[in-house]
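Reader: I'm new to this one. Could you walk me through how to read it, feature by feature?

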Amino acid sequence: MMARLHMGGTTYSAGGKLRVGPIELGHEFTGITAILGPNGAGKTLFLNLCHGLVEPTSGIVTWNGIDAAEGRRGRGFVFQNTAIMRRSVADNLAFPLAAAGVRRRHRQKTVDRTLETVHLFDRADDPAAALSGGERQRMALGRAIVSDPAVLFLDEPSANLDPASTALLEEIVTRISGKGVAVLWATHDLRQAQDRSQHVLFLDRGRIAESAATDRFFSSPESLPARRYLGRDH
C-alpha cells in the first residue's frame, strides 16, 4: 500500500498565532516514523493536519494525491487519551465497520481477528469501561486498525502506561508495521523511538527541522534544534 504524503506551503494558525508551518514535505512513508520534538513543537497538530482532522490555514495536505480530509477511512488514529463507547470491547471495534457498511457476518470475523492482534480476544464481551489503561489503549489501537488502514497515526499512546503495557503495545505496533502499514508515531520516549522506528521527523516550533533515518538522527543529528534536544549542542 502506497502512503505518500505531500504538504505544500502548509500552515496552521490559531488565536492569531502561527502554530505549524510553513511545511514543505514530500515523503513516502514505510515502517515506523517517529515524530519527535520538545513540548510545544507541534507534534499533535502535525498529526491532526496529516489526518485531515484540522484544516490547514494555508497550503495543502494530500495522501497519494487525495486531500487528507477526504481519505480518512484509509487511515487510523490512536490518541493519548482514549475515548470509549459504553459498550463491550468487541462492539467498540465493530462500530467503525458498521459505520462503513460492512456486513454483520464479515464484521464479526474481522473484529475477532483484530482482537487477537491486540491481545484482547478474551475480553471481547467485557464492558470497555472495565479495561485497564493498557488494555484501553490496545482497544483503541484495535479500533484504529480494524478497517485495515494504510497509515496509522499514534499520538503518544503509551505516555501514561506502565513499562509492561508499553512493551506489549510496542510489540503489537511493530508487528502491524511489518504487515505494510505505515506508522507515524509521536513520542517523547527516545528509547522507544530509537528501538522501534526506522525514520525520524523532528519538529521544532511547528516546522520540520530534520528528517533522517533513525540511526543517523541519533548518532549525528545535523540541525541545531535536534542536537540541543538530544543534549549534543556542545
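Reader: Let's start with the overall build. What radius of gyration does the protein chain have, and what would a compact globule with 234 residues have?

Author: Keep in mind that this is a predicted model. The idea is to compare the chain with a rule for globules. A compact globule with 234 residues would come out near 17 Å, and the protein chain has 18 Å, so the two agree. You can also picture a box: the C-alpha atoms fill roughly 55 × 35 × 35 Å along the principal axes.

Reader: And how many helices and strands does the protein chain have?

Author: Eight helices and 10 strands. To see how they're tied together, look at contacts between residues at least 6 apart in sequence: 67% of these join residues at least 24 apart.

Reader: Now the inside. What share of the 234 residues counts as buried?

Author: That's 48%. Next, look for buried nonpolar side chains that join up. The largest nonpolar core has 31 residues, and Val111, Leu115, Leu141, Leu152, Leu154 and Val173 are the ones with the most contacts inside it. Helices H2, H3, H4 and H5 each give two or more residues to this core, and so do strands E7 and E8. There's also a second, separate core of 26 residues, with Leu5, Phe46, Phe77 and Ala150 among them.

Reader: Could we zoom in on one core residue? Which residues is leucine 141 in contact with, leaving aside its neighbours within four places in sequence?

Author: Leucine 141 is in contact with Val78, Val118, Leu152, Leu154, Leu169, Ile172, Val173 and Ile176.

Reader: What about threonine 33: buried or exposed?

Author: For a single residue, check its relative accessible area; under 20% means buried. Threonine 33 has 0%, so it is buried. It sits in strand E3, residues 32–36. Not counting residues up to four places away, threonine 33 touches Val183, Leu184, Trp185, Ser197, His199, Val200 and Leu201.

Reader: And how accessible is proline 127?

Author: Proline 127 has 48% relative accessibility, so it counts as partly exposed. You'll find proline 127 in the loop between H3 and H4. Beyond its neighbours within four places, proline 127 is in contact with Arg87, Ser88 and Val89. Its C-alpha atom is 9.5 Å from that of asparagine 92, which is 35 residues away along the chain.

Reader: Last one, the surface. How much area does the protein chain expose?

Author: About 11,400 Å², with carbon and sulfur atoms supplying 48% of it. As for charges, the mean positions of the 29 positive and 25 negative ones are 4 Å apart.

Methods. Residues are numbered from 1 along each chain as its sequence is written. This is a predicted model: local features need pLDDT of at least 70, side-chain atom pairs count only at pLDDT 80 or more; totals for chains, interfaces and linings use all residues. Side-chain values use heavy atoms; hydrogens and water are left out. A nonpolar core is a set of buried Ala, Val, Leu, Ile, Met, Phe, Trp, Tyr and Cys residues joined through side-chain atoms within 4.5 Å. Buried means under 20% relative accessible area, exposed over 50%, partly exposed in between (1.4 Å probe, protein chains only). Helices (H or I, at least four residues) and strands (E, at least two) are DSSP runs, numbered from the N terminus. Contact means heavy atoms within 4.5 Å. The radius of gyration is taken over C-alpha atoms; the globule rule is 2.2 Å times the number of residues to the power 0.38. Accessible areas come from the Shrake-Rupley method with a 1.4 Å probe; for residues, only the protein chains shown count as cover. Lys and Arg count as positive and Asp and Glu as negative; His and the chain ends are not counted. The place of a charge is taken as NZ of Lys, CZ of Arg, CG of Asp or CD of Glu.
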